[in-house]
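Please open your viewer, switch on a cartoon with residue labels, and keep the selection box within reach. We will go from stop to stop, with something to select at each one.

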Amino acid sequence: MALKVAVQMDHIANINIAGDSTFALLLEAQRRGHTLYHYTPDRMAMRDGQVFATIEPLEVKDEAGAHFLLGEKRRVALGEMDVVLMRQDPPFDMAYVTATHLLERIHPKTLVVNDPAHVRNAPEKIFVTEFPELMPPTLITRDLDEIKAFRAEFGDVVMKPLYGNGGAAVFRLTADDLNFGSLYDLFATTFREPWVVQRFLPAVKHGDKRIILVDGEAAGAVNRVPSEGDLRSNMVRGGAAKPTDLTDRELEICARIGPSLKKMGLIFVGIDVIDGNLTEINVTSPTGLRAIKRLGGPDIAAQIWDRIEEKRAA
């Protein structure tokens, strides 16, 4: 069953194909004979309730520097597509939210992956708090007294933006860190939203595990180990990808959250787990597919397309 697939992404010319999960999905879709189209979010429009985009036919090749070929641009109603992959990177700002509203107009007649309404309603650092029993102690606030009380209770903490991504602006504060006041002022000036404060997990030095779930089921994982002298394990921040298996605790976490993900139409989800503690549920543009396969793990892009094709056939 050949499908017409439009991918909404940051421009394909600017991606690093070695680690890009969207590219993995495109390669697999093309291998299966699906027709691919490319557009960036700024090329969307809605007129009289109908959603359009200026798209380009797309061919991909797993060759750095020559990884894509785009055809002639044309304006189409996105509802003519069988599948739309919503894969632009955060920040999760009002532009991102607006894109979910537009795509909601065509879903589910056109299958949007992930379900745009639930992408909008499940910001990674807020949605995860629906499962507090799986998490380290976590505070969401911008209130100074709340943060002081949290630090007094737990000592070492991590502060990070509520809508940040890729490890940007993640700070560890020890119990006696004299930078706390200045960091609070910086966050208060920079971010209008509350931010996240969590108990610091020392075991992060051994890795922050990215686990991929496909339609609510655990599919594979990669352990991301921080580089020397850095708190952050994100691979875009220099974290090293290591092969890994899932522990009983991690399988328990997946079993606990999986039914909610499936019910919400979140087909491709990446969760972050440190020392058996769930820290984030990533639904916007999860990564990790190429690293997992390169390290000898399963081909999760194929699993995702199996599920998409099943849903379209149904």
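Select Leu 295 to begin: at 31% relative accessibility, Leu 295 counts as partly exposed. This is a predicted model, so treat every stop as a feature of a prediction. You will find Leu 295 in the loop between α8 (289-294) and α9 (300-313). Why is Leu 295 called partly exposed? Its 31% falls between the cut-offs, since buried means under 20% and exposed means over 50%.

Now show what surrounds that side chain. Setting aside neighbours within four places in sequence, Leu 295 is in contact with Val 222, Ala 241, Lys 242 and Pro 243. Add Thr 244 to the selection as well and draw a C-alpha distance: Leu 295 and Thr 244 are 51 residues apart along the chain, and their C-alpha atoms are separated by 8.9 Å.

**Next stop: Ala 6**

Move to strand β1 (residues 4-8), where Ala 6 lies. Is Ala 6 buried or exposed? With 0% relative accessibility, Ala 6 counts as buried. Which residues touch it, leaving aside neighbours within four places in sequence? Ala 6 is in contact with Tyr 37, Tyr 39, Leu 78, Met 81, Val 83, Val 84 and Leu 85. Pick Leu 78 from that list for another distance: 72 residues separate Ala 6 and Leu 78 in sequence, and 8.0 Å separates them in space, C-alpha to C-alpha.

**Helix α6, both faces**

Select residues 180-190, which form helix α6. Colour its buried residues, Phe 180, Leu 183, Tyr 184 and Phe 187. These cover an arc of only 105 degrees around the axis, which puts them on the same side of α6. What covers them? Among the elements doing so are α5 (144-154), β10 (157-161), β11 (171-173) and β12 (195-199); showing these four as cartoon frames the buried side of α6.

Then turn the helix over. The face of α6 turned away from its buried side carries the exposed residues Ser 182 and Thr 189. Stay with Thr 189, which has its place in helix α6 and counts as exposed at 70% relative accessibility. For a long distance line, join Thr 189 to Glu 309: these residues are 120 apart along the chain, and their C-alpha atoms are separated by 46 Å.

**Backbone stops**

Switch to sticks for the backbone. Most residues other than glycine have a negative phi, and most peptide bonds are trans. Here are four places to check against that background.

- Select His 107 and Pro 108: the peptide bond from His 107 to Pro 108 is cis, with omega near 10 degrees. Pro 108 is found in the loop between α2 (94-104) and β8 (111-113).
- Select Val 113 and Asn 114: a cis peptide bond joins them, and omega is about 0 degrees. Asn 114 lies in the loop between β8 and α3 (116-120).
- Select Asp 48: its phi is near 50 degrees, a positive value in a residue other than glycine. Asp 48 sits in the loop between β3 (44-47) and β4 (50-60), and it is exposed, with a relative accessible area of 77%.
- Select Asp 275: its phi is positive, about 50 degrees, although Asp 275 is not a glycine. Look for it in the loop between β16 (268-274) and β17 (277-282); Asp 275 is exposed, with a relative accessible area of 58%.

**Zoom out**

Finally, clear the selection and view the protein as a whole. How many helices and strands are there? The protein has nine helices and 17 strands. Aligned to its principal axes, the C-alpha trace spans about 60 × 45 × 40 Å. A compact globule of 314 residues would have a radius of gyration near 20 Å, and the protein agrees because its value is 20 Å.

Colour by burial next: buried residues make up 52% of the 314 residues. Switch on the surface, and the exposed area is about 14,300 Å², with carbon and sulfur atoms supplying 49% of it. For contacts between residues at least 6 apart in sequence, 66% join residues at least 24 apart. As a last selection, show the charged side chains: there are 38 positive and 44 negative, and the centres of the two sets lie 3 Å apart.

How values were computed: Residues numbered from 1 in each chain as written. Predicted model: local features only at pLDDT ≥ 70, side-chain atom pairs only at ≥ 80, totals over all residues. Heavy atoms only, no water. Helix = DSSP H or I, 4+ residues; strand = E, 2+ residues; numbered from the N terminus. Rg over C-alpha atoms; globule rule 2.2 N^0.38 Å. Buried < 20%, exposed > 50% of the residue type's maximum accessible area, 1.4 Å probe, protein only. Contact = heavy atoms within 4.5 Å. Areas by Shrake-Rupley, 256 points an atom, 1.4 Å probe, with all protein chains shown as cover. Lys, Arg positive; Asp, Glu negative; His and termini not counted. Charge placed at Lys NZ, Arg CZ, Asp CG, Glu CD. Arc of directions from axis to C-beta.
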